[in-house]
Each structure stands twice: as structure tokens, then as C-alpha cells.
Amino acid sequence: MYNWLLQNPKNVCVVHCLDGRAASSILVGAMFIFCNLYSTPGPAIRLLYAKRPGIGLSPSHRRYLGYMCDLLADKPYCPHFKPLTIKSITVSPIPFFNKQRNGCRPYCDVLIGETKIYSTCTDFERMKEYRVQDGKIFIPLNITVQGDVVVSMYHLRSTIGSRLQAKVTNTQIFQLQFHTGFIPLDTTVLKFTKPELDACDVPEKYPQLFQVTLDVELQPHDKVIDLTPPWEHYCTKDHLT
């Protein structure tokens with residue numbers, strides 16, 4: 001995009017996606033940062049909202065714009081290649097997703113990119129229902145990931161009826177996304193408050209001070225990846241020359 005626009009002042013880039021909002025906006029915002037128009041995500045996002053009201057960027061979108069800023073800072077951050085083990089996930093206080101509005105029956109999915117690699121979902125009867133008095137949800141994961149990681153938690157519910165007739169459905173409690181290469185090497189805990197989580201769309205279902213904690217450990221050795229990382233040639237300020 002940058003090279004095309006640089007070739008001729010009359011050249012134009014048309015950016016589109018499925019709904020013309022999130023994916024297109026994150027690309028254009030990253031372009032603003034790549035061209036050194038902004039050094040932090042905030043001004044880029046405000047310009048996007050001014051020019052395209054209602055784009056609806058999620059906290060994870062903002063996190064990735066922050067990664068772009070880190071790559072292009074005066075002292076660029078170059079992501080590492082160490083796999084990350086997610087030991088467990090803790091959620092507190094308990095969100096209100098069951099019919100009684102006093103708890104939930106949660107399970108967790110972990111994806112790398114768009115590929116689900118792990119899920120704690122099992123038979124409805126075998127899954128624990130957490131109540132407010134439990135204080136927190138704790139789910140062991142012990143899964144090793146690398147690259148773009150998505151962690152989603154869902155509430156599993158069963159419709160009223162006999163065991164044979166009941167239908168099991170799910171409702172998303174939250175989602176978060178991050179890239180393992182941007183996690184500092186001494187990190188053992190990743191904490192996300194409600195404003196840092198995606199898909200928390202119904203405020204009354206989340207108690208005050210709602211947060212998600214991942215107990216993590218970065219592996220000591222790099223793991224070689226097959227593809228050249230997109231930032232390899234852009235971790236210096238001379239990326240526009």
C-alpha cells in the first residue's frame with residue numbers, strides 16, 4: 001500500500017472487508033502508524049472514528065495497533081520466538097450467565113490464528129457450574145502456544161426438557177487475543193481487566209472489578225517458524241526508505 005501510494009500522488013488505495021468496519025479499520029490504522037503519522041494507537045483510533053463512525057474496534061484490535069507502535073518506535077521492539085505455556089486461567093469475580101443470574105458453567109477454547117487447538121468443553125453433566133459464592137473460576141490448561149493466540153470463554157447451557165430432548169447451546173463470556181512474541185521474557189502472569197477484554201457486551205452480567213488472569217511461562221529456547229515474520233524488515237526507523 002505504501003509503495004503504491006508513493007509512486008504517484010494520484011494513486012488511491014481502496015480498503016474493504018466483510019462489513020467495512022473492523023478489519024478495514026485496523027489495516028488503515030496500522031498504515032497511519034507505519035507512515036509515522038502517529039506513534040501511539042490513541043490518535044490513530046480517534047481519526048478512524050472521526051472518518052468512519054461506528055467502526056467498533058475491540059480491545060484486542062487496539063492491542064495489535066500497540067504492537068505496531070512498538071515495532072516502529074525510536075527504539076524498536078523486535079518480537080521473540082519463544083513458545084508460551086498457558087498453565088491456567090482464572091476469572092474473578094464470577095460472571096452472571098445462568099438463568100438464575102448467580103453464576104455460569106464455563107469452558108475455555110484456545111486458538112492459534114483461526115485454528116482451535118484446545119478446548120475444555122465436555123459433556124454438560126460433567127462440567128462444573130460456578131456460583132457467586134465460589135469467588136472465582138479456575139481452569140487448568142497446560143497448553144503451549146506461539147504466535148497469534150485467541151482465548152475464549154463460553155457459558156454452556158441446556159434448554160429445559162428431558163435429557164434426550166434438551167439442547168445444549170453456548171454464550172460467549174469474553175474473548176482476548178495477543179501475540180506471544182510481544183510478551184516480556186520475565187512474564188509469569190497476564191492480567192486483563194474488563195476494558196481489555198473483547199465481547200463483554202452486556203454490562204449487567206459482569207460484576208465490578210471483573211478480570212481474567214493467565215498463569216504463563218515462556219519457554220527458554222526459541223522455536224523456528226516456517227514463515228518469515230512480517231516485521232523482520234521493519235524493526236528500524238528506516239523502514240520507509
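Visitor: Which strands form the open sheet, and in what order?

Guide: Quick general idea to start: strands of a sheet pair through backbone hydrogen bonds, either parallel or antiparallel. In this predicted model, four strands make an open sheet, ordered S4-S3-S7-S8, with antiparallel pairing. S4 and strand S8 (168-179) are the edge strands, each pairing on one side only. From one strand to the next, the twist averages 25°.

Visitor: How many bridges join S3 and S4?

Guide: Four bridges, in the antiparallel sense, link strand S3 (residues 106-112) with strand S4 (residues 115-119). You can follow the register by eye: Leu-111 has Lys-116 of S4 as its bridge partner, and Val-110 stands opposite Tyr-118 in S4. While you're there, keep in mind that in a regular strand the side chains alternate between the two faces of the sheet.

Visitor: What phi does Gly-113 take in the hairpin of S3 and S4?

Guide: A positive one, near 65°. That hairpin has two residues between the strands.

Visitor: Which strands does H4 lie across?

Guide: H4 lies across S7 and S8, and runs at about 15° to S8. Hang on to that helix, as H4 (59-71) also supplies at least two residues of the lining of the largest pocket. Helix H2 (22-34) likewise gives at least two.

Visitor: Let's go there, then. How much space lies in the largest pocket?

Guide: The trick for finding empty space is simple: rolling a probe the size of a water molecule over the atoms shows where it is left. Here the largest pocket holds about 780 Å³. Its lining has 30 residues, and those nearest the centre are Leu-71, His-179, Pro-229, Pro-230 and Trp-231. By type, the lining splits into 22 nonpolar, six polar and two charged residues.

Visitor: Why does the largest pocket lie between domain 1 and domain 2?

Guide: Because both domain 1 (1-77) and domain 2 (82-216) give residues to its lining.

Visitor: What volume does the second largest pocket have?

Guide: About 380 Å³. It is lined by 17 residues, with Asn-98, Lys-99, His-155, Arg-157 and Ser-158 closest to its centre.

Visitor: Which strand gives the largest share of that lining?

Guide: Strand S7 (residues 148-158), with four residues. So you meet a strand of the open sheet again, as S7 is in the order S4-S3-S7-S8.

Visitor: And how do the lining residues of the second largest pocket divide by type?

Guide: Four are nonpolar, six polar and seven charged. Put that beside the largest pocket, where 22 are nonpolar and two charged.

How values were computed. Residues are numbered from 1 along each chain as its sequence is written. This is a predicted model: local features need pLDDT of at least 70, side-chain atom pairs count only at pLDDT 80 or more; totals for chains, interfaces and linings use all residues. Side-chain values use heavy atoms; hydrogens and water are left out. On a 1 Å grid over the protein atoms alone, a cavity is a set of points where a 1.4 Å probe fits but cannot get out, and a pocket is an open set with protein on both sides within 12 Å along at least five of seven lines; lining residues have an atom within 4 Å of a point. Grid points are joined across faces, edges and corners, and a volume is the space filled by probe spheres set on the points. Ala, Val, Leu, Ile, Met, Phe, Trp, Tyr, Cys and Pro count as nonpolar, Asp, Glu, Lys and Arg as charged, and the others, Gly among them, as polar. Domain bounds come from an automatic or database domain assignment. Two strands pair if DSSP finds at least two bridges between them. Axes are lines fitted to C-alpha atoms, for helices over the stretch in contact, and angles run from 0 to 180 degrees between N-to-C directions. Contact means heavy atoms within 4.5 Å.
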